[in-house]
Amino acid sequence: MSDPIIKIQNMNKWFGDFQVLKNINLEVEANKKIVVCGPSGSGKSTLIRCINRLEEHQEGDIIVDGNELSEKTKDIEKIRAEVGMVFQQFNLFPHLSILDNCTLAPIWVKKMPKKEAQELALDQLKKVQIDDQANKFPGQLSGGQQQRCAIARALCMQPKIMLFDEPTSALDPEMIKEVLDAMVSLAKGGMTMIVVTHEMGFAKEVADEVIFMDEGMIIEKADTKEFFANPKSDRTKLFLSQIL
Amino acid sequence: MQTINFLKPNRDNIKNYSIIGSFLVLVSLIDVISNAFLKVNLTSFLPGSLTTLFPLIIGLIGLNMMRIDYSGNKKLDLLNKNINTNNFNALLTLLILFSIIKALPQSLSWMIFDATISGDSKDACTGTGACWTYIKVWFRRFMYGMYPNEFHWRINTAFILVIALGFVGYFMKENLKKYLALYYVIIYPVIAYLVIYYLISGGSFGLQWVETGAWGGLSLTFIVSFFCLIFCFPLGMIFALGRRSNLPAIKYISICYIEFWRGVPLITVLFMSSVMFPMFLPEDFFMDKLVRVIIAITLFEAAYCAEVIRGGLQSLPRGQYDAAKSLGMGYWKMHIFVILPQALKLVIPGIANTFLALVKDTPLIFVVGLAELAGMLALAKTNPKWLGFAMEGYIFASIVFWIICYAMSKYSYNLEAKYKTER
């Protein structure tokens with residue numbers, strides 16, 4: 001058994017007086033796909049934002065790819081470059097074309113030659129089937145196309161881990177499918193993924209493990225089949241009965 | 001109520017009503033115009049005060065007859081929506097129109113028909129109108145101040161050079177574009193300074209030295225505005241970023257700086273820079289008064305710029321910061337490539353505002369003895385040979401400032417349109 005690529009131990013986090021994450025323990029091995037679900041306000045997003053330190057945790061350890069995240073971490077940018085993230089609101093850069101959105105970070109963070117970065121970007125855009133939109137601006141694309149571009153942009157950094165923060169929650173039902181398709185094919189390619197989502201169909205299809213969170217705690221963590229077939233805690237059963 | 005209903009149109013008869021209505025308004029306008037321009041009272045047959053009120057009453061009835069919610073006629077709708085929404089607004093519209101018409105003949109005859117422009121001394125101005133001769137004779141002073149006449153070409157050449165250098169960005173090759181910001185923020189001001197120093201100040205290359213005390217007029221307005229604008233923007237940007245910094249030292253220094261300069265009036269800053277500041281300098285250290293004034297105004301306006309830019313930074317959604325960070329960008333890369341390009345776009349109107357205010361604040365440097373355009377006017381109007389022409393001078397200065405400021409605001413609109421992006 002290989003070393004886990006993400007290791008979280010006894011992690012606690014507060015927003016002011018309010019404790020959002022309580023005693024989180026989580027290990028994710030390379031190439032595993034984890035789906036995190038739970039009611040809103042349960043700390044799912046905060047948890048994955050802690051993994052690339054968009055949020056700071058106050059207690060406990062988070063180790064990503066052998067690097068501990070703490071105030072002392074100097075090269076946080078280097079770690080973030082290894083961890084791709086896709087947001088609920090896409091967060092594309094509206095002043096740059098789709099292609100420039102994808103090449104910006106590889107050129108300036110990874111110091112990749114411009115031509116190489118563009119080839120890579122077109123390749124990634126092709127995988128999510130929007131290479132024909134490369135010269136348009138984000139504002140001209142539909143929500144689904146924007147989100148696929150955001151996935152491509154994150155992949156252009158060739159990350160080891162991909163984090164998805166409710167990637168389909170802001171989309172029309174019709175567009176959800178195209179984004180999920182892109183994510184499924186990414187999962188089949190062997191990427192390590194942590195996905196916060198309410199799409200249980202997606203979880204059943206690709207996830208190795210499902211984590212259920214409520215009130216800042218991990219209530220249940222189980223293999224996907226096990227999770228859906230016989231959930232252990234009553235809270236999980238209630239949640240599943242409501243959304244399935 | 002019957003009469004009012006009688007005057008109220010509906011969609012079927014609006015055509016007739018609008019014809020009668022516009023005829024009545026026309027009659028009222030003709031009456032006022034003939035009164036103002038031809039001094040003929042068309043309604044002298046009416047008794048007393050009624051003759052003065054006649055155009056107003058007729059006009060109001062006319063506008064009332066034209067007023068309808070939706071007529072289907074685009075022009076009529078536009079008119080009703082903008083100047084004829086109710087009786088009160090119709091009254092205001094008419095009053096404004098009438099006062100413009102009333103004021104027009106006098107001002108036109110003063111400014112143009114009765115004005116003098118020939119001759120080259122005060123004696124030429126005998127008429128009742130404006131004396132543009134005054135502006136003509138003093139024109140060079142208003143433009144160049146006390147700068148010696150035979151060297152005016154030096155100022156002109158320097159300005160042409162500086163403007164030409166400003167356009168270099170347009171012709172830069174594609175692969176050099178990334179140095180554009182560097183050029184405008186650092187290289188360009190330095191070159192411009194050297195050009196202005198060597199050409200206008202002189203002292204070397206066989207050019208005679210002209211001290212800054214002799215500089216003045218519009219050219220000084222331009223020099224002061226130019227350097228203040230070009231320096232206060234980057235400085236403001238630094239303080240805007242500083243105020244949002246996570247490092248307490250930088251944050252509080254920025255806050256102190258901004259609050260200090262926003263709290264003191266510009267006029268005291270100018271006095272300090274010219275009177276108090278030299279006292280703190282070492283004996284053998286000399287800094288020209290003009291330079292001190294430019295630095296003072298720059299520091300002052302940078303505080304305002306900083307707050308405008310901070311507004312732009314705050315209006316960006318947090319997601320933009322998150323996305324840039326998640327791609328591994330550090331503070332500077334994130335700001336240079338993602339945050340500032342978007343934020344600066346948003347603050348173009350605010351920055352234009354600050355810059356216009358700056359240009360119009362430059363006349364204040366007169367209090368420390370530097371006579372730019374408005375300052376030269378103040379000097380000229382006290383010249384014993386030319387007493388009594390302050391009005392002409394101030395009108396001239398207003399027109400010049402208006403042209404400069406209007407050009408700047410037009411340019412800012414263009415920039416806004418050029419860099420507009422959809423969200």
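These are my notebook entries on the overall build of chain A and on one pocket lined by helices of chain B.

Entry 1, chain A as a whole. I was working from a predicted model, and I began by going through the secondary structure of chain A, where I found 9 helices and 10 strands. I then looked up the extent of the C-alpha trace of chain A, which spans about 50 × 45 × 40 Å along its principal axes. The radius of gyration of chain A is 18 Å, and because a compact globule with 244 residues would have a value near 18 Å, the two agree.

Entry 2, burial, surface and contacts in chain A. I looked up how much of the chain is covered and noted that 57% of the 244 residues of chain A count as buried. For the accessible surface of chain A I recorded about 11,000 Å², with 46% of that area belonging to carbon and sulfur atoms. Turning to contacts with a separation of 6 or more in chain A, I noted that residues 24 or more positions apart account for 66% of them.

Entry 3, the second largest pocket. I took down a volume of about 500 Å³ for the second largest pocket, and I counted 22 lining residues, of which Tyr193(B), Phe227(B), Leu290(B), Val291(B) and Ile294(B) lie nearest the centre of the pocket. Which helices of chain B each supply at least two residues of this lining? I found helix H9 (180–201), helix H10 (217–243) and helix H13 (289–315). Sorting the lining of the second largest pocket by residue class, I arrived at 18 nonpolar, 3 polar and 1 charged.

Conventions. Residues are numbered from 1 along each chain as its sequence is written. Chains are lettered from A and ligands numbered from 1 in the order in which they are written. This is a predicted model: local features need pLDDT of at least 70, side-chain atom pairs count only at pLDDT 80 or more; totals for chains, interfaces and linings use all residues. Side-chain values use heavy atoms; hydrogens and water are left out. On a 1 Å grid over the protein atoms alone, a cavity is a set of points where a 1.4 Å probe fits but cannot get out, and a pocket is an open set with protein on both sides within 12 Å along at least five of seven lines; lining residues have an atom within 4 Å of a point. Grid points are joined across faces, edges and corners, and a volume is the space filled by probe spheres set on the points. Helices (H or I, at least four residues) and strands (E, at least two) are DSSP runs, numbered from the N terminus. Ala, Val, Leu, Ile, Met, Phe, Trp, Tyr, Cys and Pro count as nonpolar, Asp, Glu, Lys and Arg as charged, and the others, Gly among them, as polar. The radius of gyration is taken over C-alpha atoms; the globule rule is 2.2 Å times the number of residues to the power 0.38. Buried means under 20% relative accessible area, exposed over 50%, partly exposed in between (1.4 Å probe, protein chains only). Contact means heavy atoms within 4.5 Å. Accessible areas come from the Shrake-Rupley method with a 1.4 Å probe; for residues, only the protein chains shown count as cover.
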